[in-house]
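Reader: Hey, I've got this model open and I'd like to walk through it with you. Can you take my questions as they come?

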Amino acid sequence: MKNSVNKSNVTLRVAKKTELNKFKKDLQEAFRISAEKEFGHALDEPIPSDLDFEDSVKYAGAIVYQVLLDENIVGGAIVAIDEVTQHNKLLLFFIATNCHSKGVGYKAWKAIEKKHPKTKVWETTTPYFEKRNIHFYVNKCGFKIVEYFSKYHPDPNQKSDYNFDEQDDEMFKFEKQM
């Protein structure tokens, strides 16, 4: 299957407003599978929460992309583009689990970079337990870990009522200099 993906076309398309509910459900499903595998139990709440998803969609400069593999939606990304500083953010990114380890995520990331060639710095975060994501960002895409958020060093951009009661709230921040 890996070879067939190499010959396949991975592209991006801006999501239509009518597609956002399905996008959110697909995103939460992809994150749920990973988190439940890590924690060994069903989740009580979706990841990301509905509010976190809505905040990402409404973020200044946000663009919601569908990731297409030969015209079939297999993932998505929400980026925030700052036209002035070109310090841009990858807010949310997912690939359907049936497309993992086939190069789809990497091709999607390269397509995002190509769509935004003026970018000086890309920034993103991922939970500490997401070893697959950490490998992807650092070893495949060239990001560097620049910060670790925990109860000892909270993310200053998090809502003030947010607390680190559980380890699963710990996050790595990554940056990629272009």
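Author: Sure, what follows is a walk through the core, one helix, the salt bridges, some strands and a few backbone oddities. Keep in mind that this is a predicted model, where local features need pLDDT of at least 70, side-chain atom pairs count only at pLDDT 80 or more, and totals for chains, interfaces and linings use all residues. Residues are numbered from 1 along each chain as its sequence is written, and side-chain values use heavy atoms, with hydrogens and water left out.

Reader: Cool. Which residues have the most contacts inside the largest nonpolar core?

Author: Those are V67, F93, V104, W109 and I112, in a core of 26 residues. A nonpolar core here is a set of buried Ala, Val, Leu, Ile, Met, Phe, Trp, Tyr and Cys residues joined through side-chain atoms within 4.5 Å. Buried means under 20% relative accessible area, exposed means over 50%, and partly exposed is in between, with a 1.4 Å probe and protein chains only.

Reader: And which elements give two or more residues to it?

Author: β1 (10-14), β2 (62-69), β3 (72-80), β4 (87-95), α4 (104-115), α5 (131-140) and β7 (171-177). α4 gives the most, with five residues. Helices (H or I, at least four residues) and strands (E, at least two) are DSSP runs, numbered from the N terminus.

Reader: What does I112 touch?

Author: Setting aside residues up to four places away in sequence, I112 touches L12, A77, V79, F93 and W122. Contact means heavy atoms within 4.5 Å. There's also another core lying apart from the largest one, with 10 residues, among them F23, A30, F53 and F94.

Reader: Let's switch to α2. How many residues does it have?

Author: Helix α2 (residues 20-39) has 20 residues. From its first C-alpha to its last it reaches 28 Å, close to the 28 Å expected at 1.5 Å a residue; that expected span is 1.5 Å times one less than the number of residues.

Reader: Which of its residues are buried, and what do they pack against?

Author: L20, F23, K24, L27, Q28, A30, A35 and E36 are buried. The buried residues of α2 pack against α3 (50-58), β2, β3 and β4. Just after the helix, G40 takes a positive phi of about 75°.

Reader: OK, charges. How many salt bridges are there?

Author: A search of the whole structure finds 11. A salt bridge counts when a side-chain nitrogen of Lys or Arg is within 4 Å of a carboxyl oxygen of Asp or Glu. In one of them, E113 meets K110 at 2.9 Å, N to O. The two are three residues apart in helix α4, so about one helical turn separates them.

Reader: Is E113 buried or exposed?

Author: E113 counts as buried because its relative accessibility is 9%. K110, at 35%, counts as partly exposed.

Reader: What does E123 form a salt bridge with?

Author: K173, and the closest N and O atoms are 3.9 Å apart. This pair links distant parts of the chain, with E123 in strand β5 (residues 121-127) and K173 in strand β7, 50 residues apart. E123 is buried at 12% relative accessible area, and K173 is buried at 15%. K173 also meets E175 in a salt bridge (4.0 Å, N to O). Salt bridges that share partners join K89, E123, E147, K173 and E175 into one network.

Reader: Now the strands. Which way do β2 and β3 run?

Author: They run antiparallel, joined by eight bridges; strands pair if DSSP finds at least two bridges between them. A62 has A80 in β3 as its bridge partner. β1 and β2 also run antiparallel, with five bridges, and V10 stands opposite L69 in β2. Six of the eight residues of β2 are buried, so β2 is largely enclosed by the rest of the structure.

Reader: Any weird backbone stuff?

Author: A few spots. Most residues other than glycine have a negative phi, and most peptide bonds are trans. The bond from I47 to P48 is cis, with omega near -10°, and P48 lies in the loop between α2 and α3. In the hairpin of β2 and β3, D70 takes a positive phi near 50°. E71 has a positive phi near 75°, and Q86 has one near 55°.

Reader: Are E71 and Q86 buried or exposed?

Author: E71 is exposed, with a relative accessible area of 63%, whereas Q86 is buried, at 7%. Q86 is in the loop between β3 and β4.
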